[in-house]
Each structure stands twice: as structure tokens, then as C-alpha cells.
Amino acid sequence: EVGLRKALKNKELYLLYQPQIDVRSAEIVGVEALVRWRHPERGIISPNEFIPLAEETGLIVPIGEWVLRTACLQAKAWQRQTQRLVRMAVNLSAKQFKDENLTQIVISALHDTGLDPKLLELELTEGTLMDDARATMVTLGSLVGMFPWLAIGVYLSIDDFGTGFSSMNYLKRFDVRALKIDKSFICGLPQDSENAAITRAIIAMAHGLKMAVVAEGVETDEQLVLLEEFGCDMVQGFYLGHPSPHDSITLMLQKVCAIAAPAK
Ligand code: C2E
Ligand code: MG
Ligand code: MG
């Protein structure tokens, strides 16, 4: 905890960015920011190791704010450098979602960096959304009243979809724009017929509700071919690009000269 407290001050945290590719156009339409900790003695520490500690201690709030600001700034820099509009996805933990200052943090990050709210995507897990959804439904008539960033066009997506419990009704009421199918369903494709059935069903349901679908953890060409056949909108995974430093993404964005609009 002491180390993590210092990490932010000593600039030991940094972000990697993983491209999200539109299946039809094969263009990069989004990028997910993934935090890393360069520990002075222990080397690089993955977020799976330190995010739970950050959640427990409440440090996730300042860390999350730093991630959000850094990611928005980077998205704006890519716009200037490459003339490309890519959506920046930022992971939000349950504690951040419950933080009463979240709205202010999101709005000031957008304001200070000048990033179009439509180019910011916030990723929540099913558990995070449902937990608060229940409370919100009881106490508030209006979701927008509680989360003004929904009204200004910030793109909301559900991370690790299929591993938790979602009420489809809540997803619609929260104006969820995309479902990210958890990589545990993608990893067995195309051989695993149950995972294939689940993936196909999630895609059909999401499209029926006018939501886009992102497949996470795409590692092979066979997976990509099957996902394309199923009508999946976007893909993310080692096969398309590993989480990479910002300058590698700049090069990827510069390779395509055409200005790609963000996907639906
Ligand atoms: P996530 O948001 O579901 O991110 C996807 C994770 O899958 C990333 O792990 C990514 O590196 C990994 N991944 C991407 N493509 C593939 C693939 O083809 N195969 C496999 N096996 N894995 C792939 P990472 O970067 O270690 O992040 C782990 C988790 O930590 C994230 O899962 C997210 O829940 C959390 N996290 C990361 N950055 C942040 C952050 O800034 N804030 C918060 N609150 N959580 C974060
Ligand atoms: Mg994520
Ligand atoms: Mg995920």
C-alpha cells in the first residue's frame, strides 16, 4: 500500500494501449488503456495484482483519475498527430463508479483535454453496473440525473460480458452501447461448440438491443473468421495487437491515411 501510494507520485504507473479493430473495415476504431506499474524493485506489475489492492485502499480513485486524464490526453494527441478519430476505452472499477465525484472527474478530464465525449468509452463489469443499478433504480427516477456523463454522449460498455449476472432491462436503461464478450468464451473457438453457441447468442441478443459487440482475447485467425461469420462488430486480442506503448499505436494509426470515423 505504501508503495502504491508512492507509485502515483513517483510516476511509476504507465499506460499501454490495445487496438480494437472493426471487423468489416479492418480499421482501428478504438483503443483500450491498460495500466501497468513499473515497481523500482519488483519490475513490471500487472493490474490484476495491484488493482484489487488499489480498490481496497481507495487508492483506485486517484489512480483512476490519473488513468482517465492520461488516456484522454493521449487520444487527443493521436487526433492531432494522425487526424484519426479513435475511441479511447478506460476501465472503471466498482469503487470509482460509486465515487460521488465520478461525474466531476469525467467531465473535467474531458473539458481539460478537449476530447469529444463521444470518443470516450467507459468499461464497467456486469457486477459493477448491477450493484449500483439496483440502488439507483430505487432512489432515482432519472439515471441521467445521477450520471450526467451519459447525457453528454460518453460511450458505455460492459466488460467481461457473460461472466456475471446482467439484467437486460438495466443494460437498456443505462444506455449501454457495447458488450465486450469475455475472453474465456473466445479462447475455445472455433472447436468449443458451447462457447460458439454462447458467443453467437450474445451477438444476436446485443444486436437485437441495438448494441455493438466486441470480442476480447482474439488470438487466432480461425477465431477471427468465425467471429466475422457470427456478425461480431469489433475484435481485440493478441492476434490483432498486443497492449503497446503510445508511440507504437501512433505508427499503426499513421499507416492508414483515410480518416476513419468511430464505429457505432
Ligand atoms: P480487461 O479490461 O478485461 O482487459 C483485457 C485484458 O486481457 C488485459 O489484461 C489484456 O492485456 C488481456 N488481453 C488482451 N488480448 C488478449 C489475448 O488475446 N489473450 C489473452 N489471454 N489476454 C489478452 P491486463 O492488461 O493484464 O489487464 C487485466 C485487467 O485489469 C483488465 O481486464 C481490467 O479489468 C484491469 N485493468 C487494467 N487497467 C485498468 C485501469 O486503468 N483501471 C481499472 N480499474 N482496471 C484496469
Ligand atoms: Mg477492459
Ligand atoms: Mg475484459
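Helices (H or I, at least four residues) and strands (E, at least two) are DSSP runs, numbered from the N terminus. This is a predicted model, in which local features need pLDDT of at least 70, side-chain atom pairs count only at pLDDT 80 or more, and totals for chains, interfaces and linings use all residues. Residues are numbered from 1 along each chain as its sequence is written, chains are lettered from A and ligands numbered from 1 in the order written, and side-chain values use heavy atoms, without hydrogens or water.

**View 1. Lys11 in a loop.** Lys11 sits in the loop between α1 (2-9) and β1 (13-22). Its phi is positive, at about 60 degrees, although Lys11 is not a glycine. Lys11 counts as exposed because its relative accessibility is 71%. (Buried means under 20% relative accessible area, exposed over 50%, partly exposed in between, with a 1.4 Å probe and protein chains only.)

**View 2. Asp175, another positive phi.** Asp175 lies in the loop between α9 (168-173) and β7 (178-181). Asp175 has a positive phi of about 60 degrees, and Asp175 is not a glycine either. Its relative accessible area is 40%, so Asp175 is partly exposed.

**View 3. The magnesium ion (ligand 2) and its donors.** Four protein residues supply donors to this ion: Glu32 (OE), Asn91 (OD1), Glu123 (OE) and Asp159 (OD). They lie 2.0 to 2.2 Å from the ion. (Donors are N, O and S atoms within 2.8 Å of the metal, or 3.2 Å for Na, K and Ca; water is not among the atoms, so sites may look incomplete.) Along the chain, the donors follow the spacing E-x58-N-x31-E-x35-D. The site links distant parts of the chain: Glu32 belongs to strand β2 (residues 28-39) and Asp159 to strand β6 (residues 155-161), 127 residues apart. Glu32 has a relative accessible area of 3%, so Glu32 is buried. Asp159 counts as buried because its relative accessibility is 7%.

**View 4. The magnesium ion (ligand 3) and the bridge.** The magnesium ion (ligand 3) is coordinated by Asp159 (OD), by Asp160 (OD) and twice by Glu216 (OE), at 2.0 to 2.5 Å. The sequence spacing of these donor residues is D-D-x55-E. Which residue bridges the magnesium ion (ligand 3) and the magnesium ion (ligand 2)? Asp159 does, and the two ions lie 4.3 Å apart. Next to Asp159 in this site, Asp160 counts as partly exposed because its relative accessibility is 25%.

**View 5. The surroundings of ligand 1.** Ligand 1 is surrounded by 24 residues, each with a heavy atom within 4 Å of it. The closest are Arg36, Asn91, Asp159, Glu219 and Phe238. An N or O atom in the Asn91 side chain is 2.8 Å from an oxygen atom of ligand 1. A polar side-chain atom of Lys183 lies 3.0 Å from an oxygen atom of ligand 1. On a nitrogen atom of ligand 1, the partner is Glu219: an N or O atom of its side chain is 2.5 Å away. (A polar contact is a pair of N or O atoms within 3.5 Å; within protein, one must be able to donate a hydrogen and the other to accept it, and residues adjacent in sequence count only if both atoms are side-chain atoms.)

**View 6. The nonpolar cores.** The largest nonpolar core has 73 residues. (Such a core is a set of buried Ala, Val, Leu, Ile, Met, Phe, Trp, Tyr and Cys residues joined through side-chain atoms within 4.5 Å.) Leu120, Leu122 and Trp149 touch the most other members. Helix α3 (residues 60-82) gives the largest share of this core, eight residues. A second, separate core has six residues, including Tyr155, Ala178, Val214 and Met234.

**View 7. The contacts of Leu122.** Which residues does Leu122 contact, leaving aside its neighbours within four places in sequence? They are Leu68, Val90, Leu92, Val106, Trp149, Val154, Tyr155, Leu156 and Ser157. (Contact means heavy atoms within 4.5 Å.)

**View 8. Thr70 on helix α3.** Thr70 is part of helix α3. Its relative accessible area is 24%, so Thr70 is partly exposed. The Thr70 side chain reaches the backbone oxygen of Trp66 at 2.6 Å. Not counting residues up to four places away in sequence, Thr70 touches Leu15 and Tyr17. Thr70 and Tyr14 are 56 residues apart in sequence, but 8.9 Å apart in space, C-alpha to C-alpha.

**View 9. Arg84 in a loop.** Arg84 lies in the loop between α3 and β4 (87-91). Is Arg84 buried or exposed? Arg84 counts as buried, because its relative accessibility is 2%. A polar atom of the Arg84 side chain lies 3.1 Å from the backbone oxygen of Ile28.

**View 10. A cis peptide bond.** The peptide bond from Leu189 to Pro190 is cis, and its omega is near 0 degrees. Pro190 is placed in the loop between α10 (183-186) and α11 (193-208).
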